[in-house]
Structure formats: structure tokens, C-alpha cells
Amino acid sequence: MYDVFVAGAGLAGLQVARLLALRGLRVALADRKGSVADSVHTTGIFVRKTWQDFPLPEEQLGRAIREVVLYSPARRPLSLTAARDEFRVGRMSWIYLYLLESCVRAGVTWMPSTRLLRVEGSDPIVARGGREERVAARFVIGADGPRSAVARELGLDRNKEFLVGLEDVVGGGGVPALHCFLDPRLAPGYIAWVVDDGVEKHVGVAGYRDRFDPAASLDRFRRSVPQLAGGRVVERRGGLIPVGGILRRIANRHGLLVGDAAGAVSPLTAGGLDAALRLSSFAAVVAAEYLESGDERALAAYDGSRFRARFFARRWMRKAIRVIDHPLLIELACAALRATPLRALLEHVFFGRGSFPEITPPLPSSARRPRSSPAGA
């Protein structure tokens with residue numbers, strides 16, 4: 001019998017599993033991949049607030065980036081320079097391995113090559129080793145991506161609006177900078193990008209799938225900026241990016257959702273790493289309190305509606321981008337951004353510390369007491 005079964009060993013799943021195990025709960029962490037280092041989907045851009053607030057391995061974070069260059073559809077550049085280090089690209093395979101080691105040291109049971117089939121009550125039914133198996137658990141946490149099977153099985157809300165992204169990781173780097181290309185002919189509804197941390201480059205495109213072919217668009221983009229995107233490809237990454245904002249109903253008495261499964265991604269910038277860590281940390285407090293006390297007020301605190309208000313403006317900006325996604329209109333918008341007031345707004349979008357809200361849950365006092373023994377012991 002496990003207290004918690006966590007489906008998905010990405011950043012969100014690793015964080016919540018580790019924190020729950022440190023509270024003394026019996027945790028199983030499962031992923032359909034054989035290794036957490038396989039098939040990385042994210043670019044791995046960490047903002048300053050994230051690496052300052054969370055214990056990420058310093059040696060697996062690339063050189064700091066302060067320079068952002070925004071390009072209009074006509075390739076007119078607008079440069080922004082931060083006063084401090086703002087972005088670092090994580091070597092995600094190594095970060096995942098580091099966090100998995102931390103989970104195992106905390107007592108988490110690691111279940112690789114395990115696919116969730118369904119959930120009966122709170123017991124996951126999984127496929128591993130060529131056979132179907134029931135895992136006895138008191139609570140299930142879905143950290144299993146934008147099309148979460150846990151959300152489906154528990155009757156929780158599911159993501160409906162997605163971008164699809166594709167990028168090449170290219171060896172060799174230049175001057176550290178984040179290059180963002182606003183061009184709906186290449187990336188309808190989002191951007192094309194080159195993230196160069198001086199060691200390697202991430203070259204990618206993302207947009208609405210019904211409006212472009214990601215592979216063809218990425219090839220055209222790379223050929224159009226050889227001075228920025230040239231070099232030998234060492235890895236290709238891709239996947240769905242939910243951009244509808246955090247979902248409303250993300251918990252019930254059988255389980256809860258974190259990370260992309262909960263829609264914890266900025267509707268505007270599509271950044272999700274900071275949100276993954278913060279929401280998972282909050283989820284660990286909520287789940288532990290619920291399992292330790294049986295008090296359903298803990299679950300009531302884990303309500304996506306509390307967070308959606310934080311992203312109200314970004315959700316409306318996402319709707320606007322979908323409507324005005326035309327080269328001429330975007331060119332005019334880029335020209336307007338050169339004006340001082342709007343330039344300040346642009347700097348706030350890129351360099352502001354605002355991210356996923358930090359909310360102290362209104363939990364009973366037992367949530368704040370150190371735990372002396374595993375649940376049920």
C-alpha cells in the first residue's frame with residue numbers, strides 16, 4: 001500500500017514526489033519512459049525567480065542570459081537588456097536524473113516503463129513488464145502531461161487549447177541571448193526562437209497545429225537565420241503546450257493534478273517550469289494534510305479558480321494573439337512597442353518577477369506540524 005501514486009516523472013512529478021516522501025509518506029513514482037533522461041520535451045528555460053527559490057543543481061544550469069532581441073515579421077530587431085541575469089537554460093536530462101536521485105534517497109519507489117491504464121477508486125491499474133498490475137494507493141497525483149490520463153480517470157478538468165512546439169538543440173554557441181521572432185508565417189499564434197547560452201543553442205518554432213507544419217516551418221526558419229541557428233543538431237524535442245490557463249477543477253478526494261496536467265503554463269509566454277515547481281510544492285502540502293488528517297478543507301484549498309484570476313490578462317492576450325495573427329498587424333504592433341510606455345510593458349513581460357502566485361493555503365494546523373511517522377504506520 002502506497003500513500004501516493006504519482007503518474008509522470010517530469011519536473012512537476014519529481015518535485016511533488018520528493019516533497020511528499022520527505023514528509024514520511026510512502027510514494028510510488030511511475031513513468032512510461034525507461035529513463036527520465038529520455039525524450040525531453042521542454043527547452044528548459046529557467047527564470048531568475050525559479051533558480052533563486054528552488055535547489056536546482058548549479059552545474060546543470062547554463063550561462064546567464066540578459067539580452068532579449070524581439071524581431072518583427074520584417075525582421076526589424078528590438079533589443080532589451082536586463083540589469084541582472086534573467087534566464088538560464090537547464091540541461092534537463094541531468095536535472096531530471098538529479099531530482100530522481102533525490103526522490104529515491106527520500107524513499108520514493110521508482111517505477112520506470114510503467115503506463116497508467118485506468119484508476120479504480122484510488123488504485124492505479126498499470127501496465128509494466130508485459131502485464132497488467134494493480135497498485136494499491138490512497139491518493140493519485142497526475143503529473144502526466146497536457147493530455148493527462150489521471151485527469152480523465154478522476155473526472156477532473158482537462159486541457160483543451162494547445163500549441164505544438166518543435167526545436168533542435170544545436171551544438172556550439174555564441175553571445176548569450178534570447179532571440180524571439182514574431183512571424184505567423186513561421187509560428188502562428190506564438191513565436192520562433194533561438195536561445196543561445198554561449199554553449200549550445202535551442203532553435204524552435206511553436207504555434208497552433210491547424211495553421212502550420214512544425215517540421216517544415218522549423219526547417220524554413222533555420223535556413224532563414226543561418227548566422228544564429230547554424231550548427232550540428234544533437235537533439236530534437238517537441239510536444240504539446242497547453243495555453244488555456246490553469247484548469248478550474250484540479251482535485252477531488254481520489255487525487256489531484258500538477259504541472260501541464262493542471263494547465264499550469266502561462267497562456268501568454270507558454271512558460272511552465274516555474275509554475276510546475278510552485279504548484280507541485282503547494283500540492284505536496286495539500287495532499288499531505290489531506291492524507292494525514294482526512295480534512296477535506298485541504299483539498300478545497302487546491303482550487304484552480306484561485307489561480308486563474310492571476311492569469312486573467314494573459315488569457316485575454318492569448319485570445320487577442322489568436323485573432324490578430326497576421327504579419328501586417330503584428331508588424332504594426334512591433335512598431336508601437338518601440339514607444340517608451342509599451343517598451344516598459346514589454347520589459348515587464350520578459351524581466352518581471354511575476355510568475356505563478358505563491359498562495360499560503362488555509363489549512364488546519366496539522367499541515368504545519370512536522371511529521372514523525374509514515375501515514376498509516
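This passage looks at the salt bridges in a predicted model. Side chains of opposite charge can pair up when their charged atoms come close. In this model, the count comes to 26 salt bridges.

Start with Asp3 and Arg138, which form a salt bridge with their closest N and O atoms 2.8 Å apart. Asp3 sits in strand β1 (residues 2-7) and Arg138 in strand β11 (residues 137-142), so this pair ties together parts that are 135 residues apart in sequence. The two partners also differ in how they are covered: Asp3 is buried, at 0% relative accessibility, whereas Arg138 is partly exposed, with a relative accessible area of 30%.

Next up is the pairing of Arg118 with Glu120, whose side chains meet in a salt bridge at 3.0 Å, N to O. Here Arg118 is partly exposed at 30% relative accessible area, and Glu120 also counts as partly exposed, at 33%. This pair doesn't stand alone, since Arg118 and Glu120 belong to a network of salt bridges that also links Asp123, Glu132 and Arg134.

Then there is Glu235, which forms a salt bridge with Arg237, and the closest N and O atoms of this pair are 3.0 Å apart. In this case the acidic partner is the partly exposed one, with Glu235 showing a relative accessible area of 26%. Arg237, on the other hand, counts as buried because its relative accessibility is 6%, which falls under the 20% cut-off.

Technical notes
Residues are numbered from 1 along each chain as its sequence is written. This is a predicted model: local features need pLDDT of at least 70, side-chain atom pairs count only at pLDDT 80 or more; totals for chains, interfaces and linings use all residues. Side-chain values use heavy atoms; hydrogens and water are left out. A salt bridge is a side-chain nitrogen of Lys or Arg within 4 Å of a carboxyl oxygen of Asp or Glu. Helices (H or I, at least four residues) and strands (E, at least two) are DSSP runs, numbered from the N terminus. Buried means under 20% relative accessible area, exposed over 50%, partly exposed in between (1.4 Å probe, protein chains only).
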